[in-house]
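Reader: I should like to go through this structure by question and answer. Please present it first, and then let us take its parts in turn.

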Amino acid sequence: MKIFKCFLVFIAFFNLVSCSSLDINLPSHDKLLKAQTEQDGRSCVRQRNIRGYGMLDNDVISISAIGKNRYYLVTTLFRCQSLQTSFSAGFKGDFFELCGGGGDKILTSEESCPIKSIFEFETREDAFASFEKADNVRRDLRKEAQQKAKDKDKAADE
């Protein structure tokens, strides 16, 4: 019986190892948006001008605001899962503004998400197109890495 349990543990371990995700070092949305927009990510938005926000990815939030340049993409320092399920969020910044590159945060009832960068856009379409372009680059790089891993495994089997 003891040998049978060891055998099952051995099989379960190799199943987990074979199903693990690839170790792909993808560039962050923040890095891709900086390169694409040629902005340094240090834009600011007044908190009182914020009309709403939406989650685009685990580390990217769109903000609509009142004013001339009304759309912003905000990247966070790490993934903020609670923003997807939270009914509301608060913003914490100095001098009534949120700025990229500082100690400003997006707050939910579950966590505090430090802001890494804020990118400013003239239209909602420009902001979403920039995010989509960055997301497509990440998706293409992930597919390429997965294909290389498959080719490597195939070569090792032969």
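Reader: Through how many residues does a hairpin join E2 to E3?

Author: The model is a predicted one. In it, strand E2 covers residues 50–57 and strand E3 covers residues 60–65, and the two pair in the antiparallel sense over 6 bridges. Within this pairing, Gly52 stands opposite Ser64 in E3. The hairpin that connects E2 to E3 does so through 2 residues.

Reader: Where in the chain is confidence lowest?

Author: The mean pLDDT of the chain is 82, with 84% of its residues at 70 or more. Over residues 4–10, however, pLDDT stays under 50, and the model has 0 contacts there beyond four places in sequence. Residues 12–21 also have pLDDT below 50, again with 0 contacts beyond near neighbours in sequence. Strand E4 (residues 71–76) has the highest confidence, at 94, while the lowest, at a mean of 46, belongs to helix H1 (residues 2–19).

Reader: How should coordinates be read where pLDDT is low?

Author: Low pLDDT is a reason for caution, and in such places the predicted coordinates should not be read in detail. In this chain, residues 4–10 are one such stretch, with pLDDT under 50.

Reader: Which parts of the chain does the disulfide of Cys44 and Cys99 tie together, and what is the handedness of this disulfide?

Author: The sulfur atoms of Cys44 and Cys99 are 1.9 Å apart, and the two residues form a disulfide. Cys44 belongs to strand E1 (residues 44–46) and Cys99 to strand E6 (residues 97–99), so the bond ties together parts that are 55 residues apart in sequence. Because the torsion about the S-S bond is about 115 degrees, the disulfide is right-handed.

Reader: Is Cys44 buried or partly exposed, and is Cys99 buried or partly exposed?

Author: The cut-off for buried is under 20% relative accessible area. Cys44 has 30% and is therefore partly exposed. Cys99 has 18% and is therefore buried.

Reader: Which cysteine is joined to Cys80 by a disulfide?

Author: The structure holds 2 disulfides, and numbering the bonded cysteines in sequence order gives the pairing 1-3, 2-4. Cys80 is buried, with a relative accessible area of 0%, and its partner is also buried at 0%. The S to S distance is 2.2 Å, and the partner is Cys113.

Reader: With which residue does the side chain of Ser117 form a polar contact of 2.6 Å?

Author: Ser117 lies in strand E8 (residues 112–121) and counts as buried, at 1% relative accessibility. Apart from neighbours within four places in sequence, its contacts include Lys34, Gly41, Leu73 and Gly100. The polar contact of 2.6 Å joins the side chain of Ser117 to that of Asp30.

Reader: Is Ser130 buried or exposed?

Author: Ser130 is found in helix H4 (residues 124–157). Leaving aside neighbours within four places in sequence, Ser130 is in contact with Leu33, Gln36, Thr37 and Phe121. Its relative accessibility is 10%, so Ser130 counts as buried.

Reader: What distance separates the C-alpha atoms of Ala89 and Tyr53?

Author: Ala89 lies in the loop between helix H3 (82–85) and strand E5 (90–92), and this residue is partly exposed at 21% relative accessible area. Its contacts beyond four places in sequence are Tyr53, Leu83, Ile106, Leu107 and Thr108. Ala89 and Tyr53 are 36 residues apart along the chain, and their C-alpha atoms are separated by 8.8 Å.

Definitions and conventions:
Residues are numbered from 1 along each chain as its sequence is written. This is a predicted model: local features need pLDDT of at least 70, side-chain atom pairs count only at pLDDT 80 or more; totals for chains, interfaces and linings use all residues. Side-chain values use heavy atoms; hydrogens and water are left out. pLDDT is the predictor's confidence in each residue, from 0 to 100. Helices (H or I, at least four residues) and strands (E, at least two) are DSSP runs, numbered from the N terminus. Contact means heavy atoms within 4.5 Å. Two strands pair if DSSP finds at least two bridges between them. Buried means under 20% relative accessible area, exposed over 50%, partly exposed in between (1.4 Å probe, protein chains only). A polar contact is a pair of N or O atoms within 3.5 Å; within protein, one must be able to donate a hydrogen and the other to accept it, and residues adjacent in sequence count only if both atoms are side-chain atoms. A disulfide is a pair of cysteine sulfur atoms within 2.5 Å.
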